[in-house]
Amino acid sequence: MPDDHKIFPSVAEATAEPLTHGSANAKRKPRNKQKLMLIGLGAIIAKIALVAGAHWLLVGSHYVTTDNAYVGAATAQIDAQVSGQILEVRVEDTQSVRRGDILAVIDPADATLAEKRAEADYHRAVQRVSQYYAQEASAEAEVSARQTDLDRASLDYARRQKLAATGAVSAEELTATKAAEEAARAHLAAAQQNLEAQRALTRDATVEDHPETVSALAAWDSAKLALARTVIRAPIDGVVVQKSVQVGERIDPGKPLMIVAPLAEAYVDANFKEGQLGRVAIGQPVHLTSDLYGEKVVYHGRVAGLGGGTGSAFAIIPAQNATGNWIKVVQRVPVRVSLDAEELAEHPLRVGLSMEAKIDVRKTAI
């Protein structure tokens, strides 16, 4: 007789099979869900990649971008050109100045005296040169007088010679007449030499363009220039930076006083990687943003020029790559970007500020 548990399964056995079937279904559902999620995720990634690739092909490949860009300007260093004591300093750091504005004043007392002395020397030179021409005229008159004396002496001697043949004139008188003629000839030669010497001082020149007059005038102009340089003016429009001069300080020529940065003429040096420069050309448009104003302010510039070499090539101690151990480092070349003057006036920049530059390489130079 069969066992009861074989014919009539227990409650646990009876319920075991349905529980096992339900557990398998429960496991398949999460797997199917995970598979669908992976498929969806893959589709999303593929779509993103497709969009990114299309964007790069249609847009991104037409631009080169770098955030290694900085504002620069051709600053003007203000140096003293004459020596003296500072009487006034009319500007301070961060102050805006216009071309021709007075920055500082040096005591003009010494320069004023030197200018007056040079003026007197000039007028003295004019008088001296005028005397040269008067002396030349006097020498010419002397030559004429000596020529007359010689003509008279020669005539007397000729007459005495004719009379000597008849015995009307003594030998002594004839000898004296001949000596007078020779003396007159010598005096004429001396007068001619003196005239030549005077003409050498005035030849091919007038009083105004005589070398001595010109030299004295140049010295006077130099003195007037030194006097004018006691007033130090701004050579360009800009902002004063690094002021290092104080009232009462004694300065010598060449001493740096301050720097004027022409912010209205600022430019940007963008350092692009060497692999980005293949299609960059002068004149291409550039869009720039600064950390100062953020992306809301966009500057429009153009490529003004490409550097003649990388930064490391012109370093004080350039890299020596011809060695046994060598690691390739991607180099960068500076690209000069000119900015729109009106945009600069509306949103001024400062030298050294960080910029982000994007060059449109589709367009050719203009």
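This passage describes the fold, sheets, cores and selected residues of a predicted protein model.

The model is predicted, so local features are reported only at pLDDT of at least 70 and side-chain atom pairs only at pLDDT 80 or more, while totals for chains, interfaces and linings use all residues. Residues are numbered from 1 along each chain as its sequence is written, and side-chain values use heavy atoms, with hydrogens and water left out.

The protein chain holds six helices and 14 strands. Helices (H or I, at least four residues) and strands (E, at least two) are DSSP runs, numbered from the N terminus. Of the 366 residues in the chain, 28% are buried. Buried means under 20% relative accessible area, exposed means over 50%, and partly exposed lies in between (1.4 Å probe, protein chains only). The chain exposes about 23800 Å². Carbon and sulfur atoms supply 56% of that area. Accessible areas come from the Shrake-Rupley method with a 1.4 Å probe; for residues, only the protein chains shown count as cover. Contact means heavy atoms within 4.5 Å. Among contacts between residues at least 6 apart in sequence, 79% join residues at least 24 apart.

Strand pairing was examined next. Two strands pair if DSSP finds at least two bridges between them. One open sheet has four strands in the order β2-β9-β7-β4, with antiparallel pairing. Its edges are β2 (76–79) and β4 (96–97); each has a single partner strand, so one side of each is left without a neighbour in the sheet. Two bridges link β4 to β7 (residues 238–241) in the antiparallel sense. Here Ser96 stands opposite Val239 of β7.

Another open sheet of four strands follows the order β6-β5-β3-β8, again with antiparallel pairing. Its edge strands, β6 (231–233) and β8 (250–251), each pair on one side only. Strands β3 and β8 are antiparallel and share two bridges. Gly84 stands opposite Ile251 in β8.

Strand β1 has antiparallel links to β14 and to β10. Six bridges join β1 to β14, and four join β1 to β10. Thr66 faces Ala357 in β14, while Ala69 stands opposite Ala270 in β10.

These strands also contribute to a nonpolar core. Such a core is a set of buried Ala, Val, Leu, Ile, Met, Phe, Trp, Tyr and Cys residues joined through side-chain atoms within 4.5 Å. The largest one has 24 residues. Val268, Phe272, Leu288, Met355 and Ile359 have the most contacts inside it. Two or more residues come from each of β1 (63–72), β10 (267–273), β11 (285–290), β12 (294–306), β13 (332–339) and β14 (354–360). The largest share of this core, four residues, comes from β13. Apart from this core lies another, of 18 residues, among them Leu103, Ile106, Ile232 and Val245. Within the largest core, Met355 is in contact with residues including Val268 and Leu288. Beyond four places in sequence, Met355 also touches Thr66 and Ala69, among others.

Two rings lie beneath a charged group. A charge sits over a ring if NZ of Lys or CZ of Arg is within 6 Å of the ring centre and within 35 degrees of the ring normal. The charged end of Lys224 is over the ring of Trp220, 4.4 Å from its centre. Arg336 lies over the face of Tyr267, at 3.7 Å from the ring centre.

Several loop residues were examined individually. Asp93 is in the loop between β3 (84–89) and β4. Asp93 is partly exposed, at 36% relative accessibility. Beyond four places in sequence, Asp93 touches Val240, Val241, Gln242 and Lys243. The C-alpha atoms of Asp93 and Ser244 are 9.4 Å apart, although 151 residues separate them along the chain. Thr94 lies in the loop between β3 and β4. Thr94 is exposed, at 65% relative accessibility, and has a positive phi of about 75°. Most residues other than glycine have a negative phi. Asp204 likewise has a positive phi, near 60°. Asp204 is in the loop between α4 (171–202) and α5 and is exposed, with a relative accessible area of 78%.

Thr230 is found in the loop between α5 (211–228) and β6. Thr230 is buried, at 4% relative accessibility. Its contacts beyond four places in sequence include Val82, Ile106 and Pro108.
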